[in-house]
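User: Please take a close look at one part of this model. Start with the strand at the core of the open sheet, then work outward to the helices and the unusual backbone spots.

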Amino acid sequence: MATVINMPRLSDTMEEGVVAQWLKKVGDKIEEGDILAEIETDKATMEFESFHDGVLLHIGVQEGETSPVDKLLAIIGEQGEDISDLLNTKESSQEESEVKPEESSESSSAIAAIPDGLEVITMPRLSDTMTEGTVSAWLKKVGDVVAEGDILAEIETDKATMEFECFYEGTILHIGVQEGDTAPVDSLLTIIGPAGTDVSAIVAGGGVPNTGTVQSEKSETKGEIKTENTAAKLEETKTTTPETITTSNTSNSGGRIFASPLAKKIATDKGINLADVNGSGENGRIIKKDIENYTPVAKVEVAATETKSVTPAISFIAPGEEKSEEVKNSQMRKAIAKSLATSKFSAPDFSLNIEVHMDNAIASRKTINSIPETKVSFNDMVVKGCAMALKKHPQVNTSWTEANTIMHSHIHIGVAVAVDDGLLVPVVKHTNNLSLTQIGSAVRDLAGKARKKKISPAEMQGSTFTVSNLGMFGIDNFTSIINQPNSAILSVGAIVEKPIVKNGQIVVGNTMKLTLTCDHRTVDGAVGAQFLQTLKTFIENPVTMLA
């Protein structure tokens, strides 16, 4: 019997999906576990696996098309099986669902249907925690003709700056969120449709047109005249001299500098004024290459000479300019501030410190890394030790709620990673079941994705404990803020060579300081101390982690 496969819900916020690519075609034999297609969700492009055996009899959504969740995607059955009844059932159910909005629209005189060929695009939800987005840059402007697959804009979420792709063809008629502005998810972002279409009613309704606003021929004529005037101005701009064009690379009539987010970040780090840089990108946009190749040119300033006699100054004041600049907070910065403030001011925390002798760990790491194609860091050893210590002290592997304390039987350790815009915490799942080399490989892979902004939301969720390491920066001791809903976080300092007492003798040794910050609602002082003692044993004697 044929099986109907609907568009799956591949994330908790997914409402529709785009078939990026079909890996099977009608008539192909399908086995359980085969990858049918690649489906683009609101978070990522994911492979969609078949859970049935048979022959692919029908494809309901073609490549590049968008379909709501639970709509017909494909049908799998036996070779030559009649599926006309299934197709008719699906079509009739879709027609019924389409009739209801028509009936409701007839009963309501306030709202009318959006004209054919017009696409209203709202602010997308690009991550599961995103509630608003900031348009970092528009790569298209009103009047530009766009095609399916074109990048419309760069949108900054609470996690990363992402390119927003167009799924329609037409002309950009309206932009609802200007560069640098922030708007809630689902608010009007832009409108695409046939050139010359009047969208004032839709804009006034926030994305829905009103029936009462009917444009007269006179208003249409005004709109055409306005468009012609705009076109004439653009032609005038094109005919300006090369010197004028060079100047407009960095500033328009409103004084705005067009630059990519990465170029702005690099310029800020290097102290380069974007107004002094000529952009080589589209429409004079400043890109990364322009900043890297920029050479400062000394500016000559002519000081006016004073004719009056100058009295010798008694005190010397160093020359300089007082300057402060307001930098708009990124979505990631806002998310970090909100999360850490909630943790710091809601959890009654306390910290415990311990010093660990690292001589055996150093020797063990040297032996392990002598094996070809094997690389283990001290942080990998700490993560492995934490996983094993959490197994012996489950009270630390918990989460607090007002009604209950959640005891986690699984151990997922988050590893804090510094990125350009802030801090991300990728999660190594089931850490206690992984070897040192597997942990090292997983941490390097996740950290690389985080720094390249390629990490998925699923890879940053579900931690039960967190490790933060600043030892590589020479910090020997610090205290971290708990990454809720975890009950504890471990701060790892640098390995320091210093005199220590060993067997009654003062010798040179290597030590490392650890700080455990705990939520007192779930972890008591004695429990935290016992956890650190167990962790100290594992790290000082790495061979015990193999038992």
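Analyst: Six of the six residues of β16 are buried, so this strand is largely enclosed by the rest of the structure. The model is predicted. β16 covers residues 188-193 and pairs with β9 in the antiparallel sense, over four bridges. Two of the residue pairings can be named. Glutamate 119 has isoleucine 192 of β16 as its bridge partner. Threonine 122 has leucine 188 of β16.

β14 also pairs with β16. Strand β14 spans residues 170-175, and four bridges join it to β16, again antiparallel. Here isoleucine 172 stands opposite isoleucine 192. Isoleucine 192 therefore has a named partner in each direction: glutamate 119 and isoleucine 172.The whole sheet is open and has four strands, in the order β9-β16-β14-β11, with antiparallel pairing. β9 (119-122) and β11 (145-146) stand at the edges with a single partner strand each, so one side of each has no neighbour in the sheet. As a general point, side chains in a regular strand alternate between the two faces of the sheet.

Next, helix α10. This helix runs over residues 436-451 and has 16 residues. From first C-alpha to last, α10 reaches 22 Å, close to the 22 Å expected at 1.5 Å a residue. Its buried residues are Leu436, Ile439, Gly440, Val443, Leu446, Ala447 and Ala450. Viewed down the axis of α10, they fall within an arc of 145 degrees, so they line one face of the helix. The packing partners of these buried residues are two helices and several strands. The helices are α8 (359-369) and α9 (378-392). The strands are β20 (413-415), β21 (417-419), β22 (422-424) and β23 (427-428).

Both flanks of α10 carry a backbone feature. Histidine 430 lies in the loop between β23 and α10. Its phi is positive, about 50 degrees, although histidine 430 is not a glycine. With 40% relative accessibility, histidine 430 counts as partly exposed. After α10 comes lysine 453, with a positive phi near 60 degrees. Most residues other than glycine have a negative phi, and most peptide bonds are trans.

Two further spots belong with these. Asparagine 503 has a positive phi of about 55 degrees and is not a glycine. Asparagine 503 sits in the loop between β25 and β26 (505-519). At 75% relative accessibility, asparagine 503 counts as exposed. The other spot is a peptide bond. From glutamine 484 to proline 485 the bond is cis, with omega near 15 degrees. Proline 485 is in the loop between β24 and β25 (488-502).

Now helix α11. Its 16 residues should span 22 Å at 1.5 Å a residue, and its end C-alpha atoms are 22 Å apart, which agrees. Buried in α11 are Gly528, Phe531, Leu532, Thr534, Leu535, Lys536, Phe538, Ile539 and Glu540. The list holds charged residue names such as Lys536 and Glu540. The cover over these buried residues includes β17, α8, α9, β24, β25 and β26.

One aromatic pair is present in the structure. It joins phenylalanine 465 and phenylalanine 531 in a tilted arrangement, 5.6 Å centre to centre with 50 degrees between the planes. Phenylalanine 465 lies in strand β24 (residues 465-469) and phenylalanine 531 in helix α11 (residues 525-540), so the pair ties together parts 66 residues apart in sequence. Phenylalanine 465 and phenylalanine 531 are both buried.

A second link to α11 comes from strand β17. Isoleucine 354 is found in this strand, which spans residues 349-357. At 14% relative accessibility, isoleucine 354 counts as buried. Leaving aside residues up to four places away in sequence, isoleucine 354 touches Met512, Lys513, Leu514, Leu532, Gln533 and Lys536. Of these, Leu532 and Lys536 are among the buried residues of α11. The C-alpha atoms of isoleucine 354 and leucine 535 are separated by 10.0 Å, with their positions 181 residues apart along the chain.

Last, a charge over a ring. The charged end of arginine 365 sits over the ring of phenylalanine 378, 4.7 Å from its centre.

How values were computed. Residues are numbered from 1 along each chain as its sequence is written. This is a predicted model: local features need pLDDT of at least 70, side-chain atom pairs count only at pLDDT 80 or more; totals for chains, interfaces and linings use all residues. Side-chain values use heavy atoms; hydrogens and water are left out. Two strands pair if DSSP finds at least two bridges between them. The expected span of a helix is 1.5 Å times one less than its number of residues. Buried means under 20% relative accessible area, exposed over 50%, partly exposed in between (1.4 Å probe, protein chains only). The arc is that of the directions from the helix axis to the C-beta atoms. Contact means heavy atoms within 4.5 Å. Rings of Phe, Tyr and Trp (its six-membered ring) pair if their centres lie within 6.5 Å; planes under 30 degrees apart count as stacked, over 60 as edge-to-face and the rest as tilted. A charge sits over a ring if NZ of Lys or CZ of Arg is within 6 Å of the ring centre and within 35 degrees of the ring normal.
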